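Here is a short report for a first look at this structure. It takes up a pocket, some ring contacts and a few backbone details.

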Amino acid sequence: MTFDTIIVGGSFAGLSVALYLARARRSVLVLDTGLPRNRFAAASHGFFAQDGSDPTAMLETMRGQVAVYPTVQFRDLKAMDAAHDEDGFRVTLENGEAVTGARLLLAFGVNDILPELPGLAERWGKTVIHCPYCHGYEFSGKRLGVLNLSPMSAHQATLIPEWGPTTFFLNGGTIEPELAAKLDERGVTIEHELVDRLVGEGTSLSAIRLRNGVEQPIEALFIGPRNRFNSDIAERLGCAIEDGPLGSVVTVDEMKATNVAGVYAAGDITRMGHTVTFACADGVMAALAIHRSLVFGDQPS
Ligand SMILES: Cc1cc2nc3c(=O)[nH]c(=O)nc-3n(C[C@H](O)[C@H](O)[C@H](O)COP(=O)(O)OP(=O)(O)OC[C@H]3O[C@@H](n4cnc5c(N)ncnc54)[C@H](O)[C@@H]3O)c2cc1C
């Protein structure tokens, strides 16, 4: 069987595509490895009707609602490769099987490259966070830190005082005098000593221990880590890729079409601002574009 569309990545973006194509009575195969990016967080914020919900439960509900449609199939398997064939695209799965689809939708997401600092990885998504709009409110008025990871970090540090008193941990880095002045204007304390580890009970955070033994009391640490694609399928297909400030981005037009005919992309891999709302909206846009191309033509080259 050739599916109308094969979706690589069945999370917020991919399931939104599946829902719209299913409602257009099209056949869809969703491939998914079950590792959405926000799985480290106990609650997702900012998505209407689900503010504060468990992200895993949200995805279970979404998947259940999509599964009601008879033209949708799920395979909980990794897509390893994809290539053109006479029917459209042939996707090779991790078990060696191959599936074919007239169109291909890439929504395999990104993963975050966390700095190697004792006590950091286990607090990711809980008290070590990247997005103040997603998780900052829960730390309102608390003592907050920003860890210097890249030139973007100083900009992050200028924003964070909106949520609470902020310390910027330079951690061996340097800062331009104009940015230091801006941070001073915003009331941010700059800590020059190297960071040794994160300290706290369980996944809570009580302090940053510095190399000189001093502990700076902090209840949440913001970081802006680089990210990388979960799959190299976009590159393998010849999709154009751009460099973003924190990682690569698949180039898409306003309808989420890539430069490769018949291949569409949605969600975190296609943009710099990363939220559930954007991922779902991207999925809806891609589904409309895919459906129109199935009806009016736009055969893969
Ligand atoms: C710690 C943390 C907390 C966050 N909190 C919030 C929040 O509160 N509110 C908010 O709006 N946003 C939040 N985000 C951002 C949000 O998680 C992402 O914007 C969103 O998950 C992007 O959806 P997506 O569908 O593009 O990718 P993802 O949700 O990452 O899903 C990608 C899917 O593709 C699968 N996959 C990967 N490779 C393959 C392959 N080769 N074959 C098959 N399947 C594959 C993965 O297993 C995964 O299921 C948070 C992010 C992080 C890191």
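## The second largest pocket

The second largest pocket holds about 630 Å³ of space. The model is predicted. Rolling a probe the size of a water molecule over the atoms shows where empty space is left.

Which residues lie nearest the centre of this pocket? They are H130, M152, G224, L246 and M272, out of 31 lining residues. Four elements each give two or more residues to the lining: strand 7 (110–113), helix 3 (132–135), helix 4 (151–159) and strand 18 (248–250). Helix 4 gives the largest share, with five residues.

## What the lining is made of

By type, the lining of the second largest pocket has 14 nonpolar residues, 13 polar ones and four charged ones. Both domains take part. Domain 1 (2–112 + 226–296) and domain 2 (115–222) each supply at least three residues to the lining of the second largest pocket.

## Aromatic pairs

How many aromatic pairs does the model have? The count is two. A pair of aromatic rings is described by the distance of the centres and the angle of the planes.

One pair is F108 with F229. Their ring centres lie 5.9 Å apart, and the planes meet at 75 degrees, which is edge-to-face. This pair links distant parts of the chain, 121 residues apart. F108 sits in the loop between strand 6 (98–106) and strand 7, while F229 belongs to strand 16 (residues 226–229). F108 has a relative accessible area of 11%, so it counts as buried. F229 is buried too, because its relative accessibility is 13%, under the 20% cut-off.

The other pair is Y133 with W163. It is also edge-to-face, at 5.6 Å centre to centre and 85 degrees between the planes. Here the partners are 30 residues apart, and the pair again links distant parts of the chain. Y133 lies in helix 3, and W163 lies in the loop between helix 4 and strand 10 (166–169). Are these two rings' residues buried or exposed? Y133 is exposed, because its relative accessibility is 61%, over the 50% cut-off. W163 is buried, because its value is 16%.

## A charge over a ring

Another ring has a charged neighbour. R271 lies over the face of F278. The distance from the ring centre is 4.4 Å.

## Positive phi angles

Most residues other than glycine have a negative phi. Two residues go the other way here, with positive values: N171 and K256.

Phi of N171 is near 50 degrees. N171 lies in the loop between strand 10 and helix 5 (177–185). Its relative accessibility is 26%, so N171 counts as partly exposed.

Phi of K256 is near 75 degrees. K256 lies in the loop between strand 18 and strand 19 (263–265). Is this lysine buried or exposed? K256 is buried, because its relative accessibility is 8%, under the 20% cut-off.

## Strand 1 and a distant partner

V8 is placed in strand 1 (residues 2–8). Its relative accessible area is 7%, so V8 is buried. Which residue, 96 residues apart from V8 along the chain, has its C-alpha atom 7.7 Å away? That residue is L104.

Definitions and conventions: Residues numbered from 1 in each chain as written. Predicted model: local features only at pLDDT ≥ 70, side-chain atom pairs only at ≥ 80, totals over all residues. Heavy atoms only, no water. 1 Å grid on protein atoms, 1.4 Å probe; cavity = no way out; pocket = protein on both sides within 12 Å on 5 of 7 lines; lining within 4 Å. Points joined across faces, edges and corners; volume = space filled by probe spheres on them. Nonpolar A, V, L, I, M, F, W, Y, C, P; charged D, E, K, R; others polar. Domains from an automatic or database assignment. Phe/Tyr/Trp six-rings, centres within 6.5 Å; stacked < 30°, edge-to-face > 60°. Buried < 20%, exposed > 50% of the residue type's maximum accessible area, 1.4 Å probe, protein only. Lys NZ or Arg CZ within 6 Å of the ring centre and 35° of its normal.
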